[in-house]
Amino acid sequence: MDLDDFYGLQVLLYRPRDPRVMGTRCNPMVVMSDKKFKKHFRFNKIKVQRIADLLEHDLKHPSNKGSPLTPVQQVCIFLNHMGGGHYQRVSGVCGGVCQWTARSALVRVTNALLKLKSDYIHMPSSAQMQDTSLRMLDKFGLPRFAFAVDGCQVKFIEAPRKLPANKHAQLFWCRKQFYSLNIQIVGNDELIYDIDCSWPGSTHDARVWNRSEVKKFVEAQRAFYIAGDTGYPISDTLIKPYTTAEAGQDRSKRVFNRKLSGLRTVMSECLYGVLKRKFPILKNLMTEFQLSQKIVVCTAILFNMSRLWLDQDGDGEDGEEDSGDSEEDSDSESEDSVDMESDNEEEEEEYEIQEGNPSTIRLRGQAERDILRNNIRM
């Protein structure tokens, strides 16, 4: 090694480092007005502090080494990301931190919030189901409806990353020509009772329903109905509209379809609309597969928190118009299933009535639907 090589190596080894730059970490609880704070973080200051207190055990760092973020700062970065639908580096700039720190806060708050899922997302009690059914009876004249189920395509901005070994990206390519998760939500006109985000976008809503745990709960009780669209299999607990061909022959069936459609809109499609408007991140998921699933569940938890804590005023008040994706996404493949459904109903009389036979279940569901139609309150 000659002298020039030696000095060149010294320059490489001992070159001055770039000075450490600390972003300006302002406290939004102090510098923002109440209205502006609610617009950015989707909750008012009192509720954000309440969320931080609930998650403090999981978010608080053991020491102040490295100037760690406080629980409130982490929650604000997380809520800003949920309510903005932008990149993590943008959330970091807004919080005065780098992209890596913003992602760390996002992951920590997400994992901490998931631990509270059973406290805020659970099936209703008998009294709650009775209250819901009475509200639906007064509004639509349909008795005993305590839930509604619907599916929604939550879009990935690109092919999902870091998939499990048994998953392929093509499974997530949905009929709307983009990568997505098929999210099933069961709820009433106020709360989300169950959310299932384990299925790729190409899965039919009926398959998701038939393999869901909530189906067992609904079928175990016979006192209340659940409303679904024409993509779901009818049963003595799940009631769906008449087909277009059937409704065209009978005015009472058209009236029933109109009332059931209004009920479903209030109890399922409106939930999707408010959920996506309140948390625009659901319109374009940009994180890897498993984190995206967690984020979807966290938005449902936050949605129920806002309803239970009476913090729902001004949902999505940023003035952005809803693109209408929720209504389109919530429409399962009902148009494709109408013709097949009507063919099955024409041939159903040929089947032998047996307990647990799919045709028997369908016949019972149709009988329940006819009883509801004949006794509908006009």
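**Exercise 1. Find the residues with the most contacts inside the largest nonpolar core of this predicted model.**

Step 1. The largest nonpolar core holds 52 residues.
Step 2. Inside this core, Phe78, Leu113, Leu302 and Met305 have the most contacts.
Step 3. Helix H14 (residues 289-308) gives the largest share, eleven residues.
Step 4. Now take Phe78. Neighbours within four places in sequence are left aside. Phe78 then touches Leu106, Val109, Thr110, Leu113, Cys298 and Leu302.
Step 5. A second, separate core has 17 residues, including Leu142, Phe145, Leu372 and Ile376.

**Exercise 2. Classify the ring pair Phe147 and Phe217, and place both residues.**

Step 1. The ring centres lie 6.5 Å apart.
Step 2. The planes meet at 85°. Over 60 counts as edge-to-face, so this pair is edge-to-face.
Step 3. Phe147 belongs to strand E1 (residues 145-155) and Phe217 to helix H11 (residues 213-220). They are 70 residues apart, so the pair links distant parts of the chain.
Step 4. Check accessibility. Buried means under 20%. Phe147, at 0%, is buried. Phe217, at 31%, is partly exposed.
Step 5. Add Tyr193: together with Phe147 and Phe217 it forms one aromatic cluster.

**Exercise 3. Decide how the buried residues of helix H3 are arranged around its axis.**

Step 1. In H3 (residues 34-41), the buried residues are Phe37, Lys38 and Phe41.
Step 2. Their arc around the axis is only 100°, so they sit on the same side of H3.
Step 3. Their cover includes helix H2 (28-31), helix H4 (45-59) and helix H5 (71-84).
Step 4. Just after H3, Arg42 has a positive phi of about 70°.

Key: Residues numbered from 1 in each chain as written. Predicted model: local features only at pLDDT ≥ 70, side-chain atom pairs only at ≥ 80, totals over all residues. Heavy atoms only, no water. Buried < 20%, exposed > 50% of the residue type's maximum accessible area, 1.4 Å probe, protein only. Helix = DSSP H or I, 4+ residues; strand = E, 2+ residues; numbered from the N terminus. Arc of directions from axis to C-beta. Contact = heavy atoms within 4.5 Å. Core = buried A, V, L, I, M, F, W, Y, C linked by side-chain atoms within 4.5 Å. Phe/Tyr/Trp six-rings, centres within 6.5 Å; stacked < 30°, edge-to-face > 60°.
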